[in-house]
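Me: Please give me a close look at the contacts that hold this assembly's parts against one another, chain to chain and then domain to domain. I would like the cut-offs spelled out as you go.

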Amino acid sequence: MEDVKILNGEIVLDYKWSPGQTIGKFLTNLKDGKELSAVRCSVTSKVFLPPQGWSPYANKKMTKFERIVGSPTLKTGTIVYEAPWNKPEGVEVPYMLAALSFVGADTELLHIVVASEEKLLALKPGDKLKPVWKEERIGTIRDIDHFVPENL
Amino acid sequence: MGRKVAITGIGQTKTKLKRKDVNFSELMGEAARQAIEDAGLTIDDIDCVICSSSPEFFCGINEPEMFATDFTFGVMKPHYRIQTGGTVGASTGITGWYMVSSGLYNNVLVISGDKLTETSVQKGLSLVYSPTMGRDFAAGAPSAVACQTRAYMHRAPEAKLEHLAKIGTQMRKNALYNPNATLKLPQISEDMMMNMAWLSTPLKLLDSCPTSDAACAMVLQSEEYADKNPRPKAWVQSVSTIAEGVNYPDRDWSVPIALKEAARKCYAETGITNPMEDIDVIEIYDAFTSQHLIWLEALGLCDVGKAASQLIDSGATRMDGKLPVNPSGGVLSNNSIGGSAMIRQAEIAMQIMGRAGEHQVEHAEIGLAHGWGGAIQFHTIMIMSKEKEIKDSFENRKKRKG
Amino acid sequence: MRIGIIGHAIHIERENQDWAVEDTVFYTVQAALKSAGMSIGQIDTVIQAGDDVLDGLSIQHVQTVEAAGAFQKEESKVERDGAWAVHYAIARLLTGKFKTALVAGFSKGTQCGLSAFSGMCADPFYLRPVGADANTIAAIQAGYFSGRTKATEKDFAEVASKNRKAGIKNPRIMKGEAGDYSVDDILRSKKIASPITELSTGRTGDGCVALILATEEYCKENKIDASYITGMGLISDAYYPTYRDLSRLKSAEMAAKSAYKMAGISPDKIQLAEVHECYAHQELMLYEALGLCREGEAIQFLKEGHTTREGKLPVNPSGGVTCGNIIYGSGLARLMEASLQVSGKAGDVQVKGVKTAISHATAGLGMQANIVYVVEA
């Protein structure tokens, strides 16, 4: 006879999140135009990627969208070995969570790089990466499914 | 000793049941900007921000104030969150009061709100129940309050369903004069209330509150800064945040001992000896109609068990009555949970400032704002007056009546 | 400002299957009262620190409020590390309305897990879909720090080794976490997200920290030999990690300056620091941010042995969070340890002659918010 020491359970909730105008536009441009959008702060001229509607340090609304083109370079990345609770869908460890520098943006985009562990280990800051888009895009940041090293 | 504190700015987000045009951060930011502008200040003037919301299962982001930091002016400032369930808005307003009264800060921004329309609210509320004890039977807030209502009606047999209908009608009629109320039912009548479907006996559908996306914000300033501010102010005279237990033995859900204690303390602190006479306007957190009877009795406005006759039948709590309760239409007309309890404080402040427009109570000198949260166990009270010293407000009233 | 810390208790373990969250809070609060020789009736106000997602319960303190002794008391709850609840408690004391306050910061980390708790903190639009949680964002932060300072995994492992060794003599850490781990042991432990390995970060467990605070007046009236909080500062930074300069901790720097100003001290007066290093690299970042060393000199500072318990400026002589993470109790535990040090009550991990110490706590992905206390004898 064993004492009951653990009660297993889970909480499942469904959400319909409103992204708001700015994030909504970013997601729409990903879906419809395979386009990365950033926003420029009118006070500091800093370009924020991914965009949000409020400039954090200047404390002003940001509404000026900028189109980001070109492939990013790696600023830094971490090879993820232990799957987080919110492991990106369709991806197995090890994969990389990376901070990606794009020309024209002053902040790095956090996204994933999928490649063999060997290739991930070989990646260095400054290396070029390119996006792999989903065939069917629905308006999420994973419309870019992942990035891969350009010299694959 | 603590410094005197005044509310000098108020912000409430655009009235709409579902704010699909904004995300959580943007909703909170909207209220925040309004309050600062209303106070005649700039973002740089603010030296501390308390930014709260109700249980994070509603917005689906843990520590949502972190997500909202940029939009609520927390970047490079002191900024954190209080969480006390339904009364979180009031608890937050009160935290703001402590931040100023303590001498730590001079111009504090408090914000509280939520997006309730992004998930199932009742499912989120059912999570209040302990997984080991009650969650399997939980039916959200209505079932808990329904039990509370039954318990009350058992010990106060004069209280009938008709009284609940009267209260619900009164509130929705008040709401017609409040531009910030989300539930507008011009056709509301006691018949309509009585003929609604059951929600959770003895409560019917309209005995309950709506759910919406809303945020409320206020600016609280120290005496030194408030005196320099030409805007109208509401001086905070007394605050209390008391918790009773949830599972303690012989708990009588119809007797909110925490509220009674909070009232006792606040009245003692402000010199209120006869609340019915001494207070001009009250905003209670009425998530359900029956709570008018229970909270008002606990606030000492009537004899035990006599709220139905002495307060409702008598018309004492109507807009044209002796002590108007919820001129705003209450939570019954506008509920985002996160913002609701702060809106009670904001509404009282507006009454004191003379800014309540069409739902203004004439000569509102002294007001009381109440909030409750949790398993109906957290109660908060904030008493405000027009004059910096409450005794001067008592004087003003005496002169008017005399 | 002088607010006395007059009672303390901690329960911290890998897993406690005998206690529910409320039990954890109850027994810890009882122990804190015992340490102060007080009864619950002598506590005027209670501020808790807990999280709904961690407890899997909406309005979680519905279940813990009685356990924390707040029945029919003036109480409230902060949803962040207990170190922030201390800030609120101090504000309450400073108004003169209360003489004593109890703060309890807790979590049963094993119920939910750090990743779900922190993954839920990631917004559903940008961060959650790419697997951002406490570990992965901290790992990214380490990359930025390395990019600026050339710090290596070995440097980080040295911090973890120092802390796990320091914890050996501390009964107040998570059993099983302290030990004579070498840099190699740390490096070779299970990989989590490079450069973070299992031993270079604090294991998430179950526990609670309770502190009893009192006004200086109360301490004097009752002849209590307390340690005093003389300064505090807290600052938040932007939410999206790369919006900040992730290679630095600007918010911690500002918070520290604010605290030092309030206490009327300069950083060179600091004799000891207890910091909230969930990840080893963060301790190095804090050497700079808290003004313990100059910018760019953190690695040097570590390598020269200054921050060991025998060094000239011990950092985490308790073993730090590396020796066990109880999430909302971890930052509060740092304040507790700092207070014990200046009171001469730190037992086997006591650093001799410490009269001025600081404690630091952090919150949010990549240390978005930081709070610093100055504690003096």
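Reply: A good place to begin is the pairing of β8(B) with strand β3 (residues 73-78) of chain C, which runs in the antiparallel sense over two bridges; strands count as paired if DSSP finds at least two bridges between them. Within this arrangement, B:A243 stands opposite C:K73 in β3(C). This is a predicted model, in which local features need pLDDT of at least 70 and side-chain atom pairs count only at pLDDT 80 or more, while totals for chains, interfaces and linings use all residues. Residues are numbered from 1 along each chain as its sequence is written, and chains are lettered from A and ligands numbered from 1 in the order in which they are written. Helices (H or I, at least four residues) and strands (E, at least two) are DSSP runs numbered from the N terminus.

The wider contact between these two chains takes 54 residues from chain B and 44 from chain C, where contact means that C-beta atoms, placed from the backbone, lie within 7 Å. On the side of chain B that touches chain C, at least two residues each come from α2 (64-67), β3 (79-80), α3, α4 (121-126), β8 (234-243) and α9 (257-270) of chain B, and α3(B) has the largest share, with five residues. By class, this side of chain B holds 25 nonpolar, 22 polar and seven charged residues; Ala, Val, Leu, Ile, Met, Phe, Trp, Tyr, Cys and Pro count as nonpolar, Asp, Glu, Lys and Arg as charged, and the others, Gly among them, as polar.

Chain C also meets chain A, in a contact that takes 33 residues from chain A and 33 residues from chain C. The elements giving two or more residues to the side of chain A are β6, β7 and β8 (109-113) of chain A, with the largest share, five residues, coming from β6(A). That side of chain A comprises 20 nonpolar, eight polar and five charged residues.

Within chain B, the domain assignment, an automatic or database one, gives domain 1 (5-120 + 211-228) and domain 2 (237-401), and their centres, taken over C-alpha atoms, are separated by 22 Å. Their contact draws 31 residues from domain 1 of chain B and 27 residues from domain 2 of chain B. Here α3(B) gives the most to the side of domain 1 that touches domain 2, with eight residues, and that side has 13 nonpolar, 16 polar and two charged residues.

In chain C, the assignment gives domain 1 (3-113 + 205-221) and domain 2 (115-194 + 227-376), and 35 residues of domain 1 are in contact with 30 residues of domain 2. The largest share of the domain 1 side, seven residues, is that of β1(C), and by class the side has 17 nonpolar, eleven polar and seven charged residues.

The largest nonpolar core has 322 residues, of which B:L109, B:M218, B:A349, C:V103, C:L211 and C:L213 touch the most other members. Such a core is a set of buried Ala, Val, Leu, Ile, Met, Phe, Trp, Tyr and Cys residues joined through C-beta atoms within 7 Å, and buried means that 20 or more other C-beta atoms, placed from the backbone, lie within 10 Å of a residue's own (exposed: 12 or fewer; partly exposed: in between). Leaving aside neighbours within four places in sequence, B:M218 contacts residues including B:I7, B:V110, B:M342 and B:A349.
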